[in-house]
Each structure stands twice: as C-alpha cells, then as structure tokens.
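Hi,

Here is the structure I promised to pass on to you. Have it open while you read, and I'll walk you through what turned up.

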Amino acid sequence: LMALAFRRLVVRTRGRAGGGGAVGNPLRGLSIRSPTYRSCFVYYDPDLRLSPVLFGAIRRAFSSSHSPQQGEEGINDDRYDVDNDPIIYAADPRQADDELDESMAQDSSTSEDVRRQPWVIEDGCFATCQNFGINMPALYVHLKERTLAASDGDGGEESLVKKYTVGKEIDAMYTRGADTGWGHVFYFQSGATVFWGVPESLRPALLSNATRFGLQKQAGNQRVKTWSDDDLFEHDFECKVVPGARTKFKDDLIVLDAWENIYEMLAISYGLAQSTQLSMFERTVQDLIDKTSDLPSGIVTDSVMYRKLPLNQIRRLTAEMLDARYNINIRSDILDTPYFLWENSDLMSIYEQTIREVQLQKRHNLVNTRTEIIKETLELLNNERQNHIGHNLERYIIYLITLEILLELLPMVRGWLFS
C-alpha cells in the first residue's frame with residue numbers, strides 16, 4: 001500500500017521541478033525500503049525532478065515509524081543528503097528494474113497464496129420451485145431491460161444475462177448483477193430457480209420474476225398451478241470454494257474449484273432444478289394420499305361415508321391421480337439428462353453426483369409407487385361401488401318382478417273369492 005501511494009505521489013509531482021523551487025541536486029531515482037515488509041519499492045525515472053522539501057516529507061514519514069532516533073529532530077531540507085539517507089536513497093537504474101521485478105514477484109506470490117485459500121460462500125446454494133413452468137422468452141426480455149437500465153451511468157462491474165437454448169427454446173437462463181448481490185442466479189423452463197451466494201433478503205425480488213412469468217395454461221389441457229409462498233419447495237446446501245480441488249457434491253456440501261466456474265454451477269443447478277420440480281409432484285401426490293387415506297378403512301368397515309361416496313367424486317380422484325402420473329412421467333423431464341450436458345460431457349460426473357445426492361431416482365420411483373397404490377385403491381373402490389350399485393339394481397329388479405307377479409295374481413284371487 002505504501003508503495004502504491006508513493007507511486008501515485010511521484011506521478012503527481014512530475015513537471016513541477018525545474019524553475020518551480022527545486023533546490024539542490026535533482027533526484028533521478030528513488031527507492032523505499034521498509035524493515036517491517038519483505039519487499040521494497042523502486043521507482044526510477046530519468047526525467048524526475050523533486051524538491052528536497054518533498055524528500056524530507058517522505059523521509060520523516062518513514063523515519064517516524066522505522067527510525068525514531070533520526071526522525072525526532074526532523075531534517076533540514078536545505079542540507080538534505082539523499083545519497084547517505086538509510087531509507088530513501090538514489091537508485092541505480094539497472095538495480096531499480098531488478099528490485100522492482102523481485103518486489104512484484106513477491107507481492108504476486110502473496111496475493112496468489114491468499115486467492116488459493118479455501119473459503120465458504122456465506123449464503124450457500126439455494127434452490128426452489130413455485131410453478132410448473134416459466135415463460136422464458138418474456139423473462140429474458142425483462143431481465144435484459146433491467147440490466148440495461150441498471151448499467152446506465154454505472155461504472156462498476158457489468159451485469160450479465162445469458163440464455164442456454166435447446167433448438168429455438170430457452171431451457172435455462174443465467175443472470176448476475178447488483179440486484180443479485182453479485183451472486184449467481186439460474187432460471188429454468190421447468191419453473192425452478194437456483195441461487196448461488198445470493199443474500200436471503202434479495203431472493204424474494206428475484207423469485208417474483210419467476211412468479212410474474214409463471215405459466216398458467218399450456219396446450220394439451222395441461223393444468224399448470226402457481227403455488228403460494230408457504231408451498232415453496234426448497235433445497236439449501238452449504239457451498240465452499242477450494243481452489244485447485246475437484247468439484248464435488250457430497251454429504252450436503254458443494255465444493256467448487258472456482259467461484260467463476262459458471263458451467264459447473266449450471267450442471268449442479270440442473271440436478272437441483274429437477275429435484276425441486278419432483279418435490280412439487282411429491283406434494284401433489286401427498287394431497288391425493290390425504291384425500292384417499294380413509295377409503296381403505298371405509299371399505300373394510302362398510303362405513304356410511306364409503307357407501308354414500310358418489311361415483312363422480314371417485315372419478316375426479318382418479319383423474320387427479322392420472323394427471324399426476326402423466327405430469328411426472330411424460331410431461332416433465334425429471335429423469336432426462338439435460339441437452340447442455342450432452343454438449344459438455346466433462347460435466348456429466350458432477351451432474352450425476354447431484355442427482356445421487358438428492359436421491360432423484362429413488363424419490364421418483366417412490367412417487368410412482370405411491371400413485372400405483374392410490375390407483376389400486378381407487379380401482380377397488382370403484383369396483384366395490386359398481387358392485388354395490390349392481391346389487392341394488394338387482395334388488396330393485398326382484399322387487400319389480402315380485403310386484404308384477406302380485407298384480408297378475410290379483411285378478412285370479414278376486415275371481416276365486418267371488419266365485
């Protein structure tokens with residue numbers, strides 16, 4: 001820091017020497033050595049002209065902290081001898097380049113050591129899903145407009161919006177800027193959003209983008225539902241950057257090689273997006289379980305509720321169950337490998353680690369098993385209700401036949417009685 005400050009000081013004083021009050025011999029090169037630091041700073045300029053007043057000021061600043069016995073009385077600027085000064089001295093131009101290269105190498109080595117230290121991302125990795133789809137083209141235009149508006153007149157780091165397409169469709173979108181706290185945000189066509197290092201206070205505003213452009217209706221009579229804030233499906237994992245380490249995802253800990261490696265984050269985010277999407281279907285299936293949990297016991301006990309259950313309600317429950325299975329296995333791409341990973345096969349391993357860590361395949365099988373049980377229950381209930389209705393119809397037919405027989409016998413009985 002002292003070296004940089006002195007460099008700026010020297011640059012600002014150029015052109016002030018000569019007839020502007022320079023006294024004594026001009027100083028052609030300067031070097032500052034500090035006993036408390038490993039490195040020294042060397043500046044050599046054949047056109048440099050500084051007055052002894054400035055030499056004395058620099059000398060006193062360093063002597064006050066490093067040579068108190070010499071700096072207590074101060075320095076007479078008229079008698080200032082640069083050549084014999086132990087802290088500031090005339091530099092040989094050949095020596096200057098060597099010392100400057102050595103100093104920069106030491107500083108670079110120190111900075112590299114600092115950069116290669118592991119560090120934990122404070123806000124970690126957070127994934128959520130609140131609807132069954134996002135209008136990605138509209139969201140892309142919205143984010144680009146916001147990015148352009150935020151960058152007007154801003155000289156800081158530039159915001160970024162990038163899309164990943166499959167054919168003509170936008171499959172995923174990446175954004176980073178001041179509104180994300182300079183963290184990384186990924187939006188997915190499936191409706192999921194994944195945050196990397198984004199403060200919790202900024203997430204609601206970013207999630208409002210997914211809510212605003214969430215799909216409400218699709219072709220093929222697909223029902224798309226937007227969930228409330230209480231029904232958000234979330235993953236929250238600790239994230240750590242270890243330079244030089246291999247990127248991995250294990251025991252709820254994500255280890256990254258570098259904070260700027262967007263592709264590895266995207267590969268992990270794909271797996272987390274599929275997991276949060278599956279969580280939505282798990283909630284849908286759980287709602288069906290809650291609606292049908294009393295039906296088996298009703299069949300066993302032949303309760304009034306079971307006997308009075310309308311067929312329309314059974315058909316509605318069956319339709320919800322089939323719609324859930326259709327969404328899980330056909331409409332969604334939960335178990336499909338993203339096209340992005342086919343183009344970047346080197347990222348396939350970290351994606352597979354992610355889906356293993358969130359147990360995507362096991363949970364998918366479990367959801368299908370639960371829907372199969374619900375299906376069998378509804379089929380059994382429907383068969384029982386059909387049989388019950390059939391038995392009632394048979395009873396009614398017997399009653400009608402009996403009545404018809406009685407009506408036929410009535411004239412014969414009357415004739416017999418009156419005869």
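**Helix α6 and its two sides**

Let's start with helix α6, which covers residues 203-212: R203, L206, L207, N209 and A210 are buried there. Look down the axis of α6 and you'll see these buried residues fall within an arc of 135°, so they line one face of the helix. Turn to the other side of α6 and you meet P204 and R212, which are exposed. Before going further, keep in mind that this is a predicted model.

N209 is a good residue to click on, and you'll find it in helix α6. Its relative accessibility is 3%, which is why N209 counts as buried, the cut-off being under 20%. What does N209 touch, if you leave out residues up to four places away in sequence? The list is L139, H142, L143, R146 and Y187. Take the pair N209 and L139: they sit 70 residues apart in sequence, yet their C-alpha atoms are 7.1 Å apart in space.

**The whole chain**

Now zoom out for a moment. The chain has 13 helices and 13 strands. It is 419 residues long, and 39% of them count as buried. If you take the contacts with a separation of 6 or more, 68% are between residues 24 or more positions apart.

**Strands β5 to β8**

Next, have a look at a run of strands, beginning with β5 (residues 160-166). β5 and β6 run antiparallel and are joined by 7 bridges. One spot to look for is V161, which stands opposite T175 in β6. The two strands form a hairpin with 2 residues between them, and G167 in the turn has a positive phi of about 70°. β6 is mostly covered, with 7 of its 8 residues buried.

β6 also pairs with β7, again in the antiparallel sense, over 4 bridges. Here you can find A172 opposite F188 in β7.

Is β7 (residues 184-188) mostly covered or mostly open? Mostly covered: 5 of its 5 residues are buried. That goes for both faces, with H184, F186 and F188 buried on one side and V185 and Y187 buried on the other. You've met Y187 already, as one of the residues that N209 touches.

On we go to strand β8 (residues 192-196), which runs antiparallel to β7 and is joined to it by 4 bridges. H184 stands opposite W196 in β8. The hairpin of β7 and β8 has 3 residues between the strands, and G191 there takes a positive phi near 105°.

S190 is also worth a click, as it is found in the loop between β7 and β8. With a relative accessibility of 15%, S190 counts as buried. Setting aside residues up to four places away in sequence, S190 touches C129, N131, F132, G133 and Q277.

**The largest pocket**

S190 and Q277 come up again in the largest pocket, where both are among the residues that lie nearest its centre. The others in that group are D171, Q189 and D333. In total, 24 residues line this pocket. Which elements give two or more residues to the lining? They are β6 (169-176), α7 (262-292) and α10 (311-331). The largest share comes from α7, with 5 residues. Sorted by class, the lining has 9 nonpolar, 10 polar and 5 charged residues. As for volume, the largest pocket comes to about 480 Å³.

**Two loop residues with a positive phi**

Last, two residues to check for their backbone angles. D251 has a phi near 55°, a positive value in a residue other than glycine. You'll find D251 in the loop between β12 (248-250) and β13 (253-256). It counts as exposed, because its relative accessibility is 61% and the cut-off is over 50%.

Q359 isn't a glycine either, and it has a positive phi of about 55°. This one is in the loop between α12 (348-357) and α13 (360-418). At 43% relative accessibility, Q359 counts as partly exposed.

That's the tour. Have fun looking around!

Cheers

Technical notes
Residues are numbered from 1 along each chain as its sequence is written. This is a predicted model: local features need pLDDT of at least 70, side-chain atom pairs count only at pLDDT 80 or more; totals for chains, interfaces and linings use all residues. Side-chain values use heavy atoms; hydrogens and water are left out. Buried means under 20% relative accessible area, exposed over 50%, partly exposed in between (1.4 Å probe, protein chains only). The arc is that of the directions from the helix axis to the C-beta atoms. On a 1 Å grid over the protein atoms alone, a cavity is a set of points where a 1.4 Å probe fits but cannot get out, and a pocket is an open set with protein on both sides within 12 Å along at least five of seven lines; lining residues have an atom within 4 Å of a point. Grid points are joined across faces, edges and corners, and a volume is the space filled by probe spheres set on the points. Ala, Val, Leu, Ile, Met, Phe, Trp, Tyr, Cys and Pro count as nonpolar, Asp, Glu, Lys and Arg as charged, and the others, Gly among them, as polar. Two strands pair if DSSP finds at least two bridges between them. Contact means heavy atoms within 4.5 Å.
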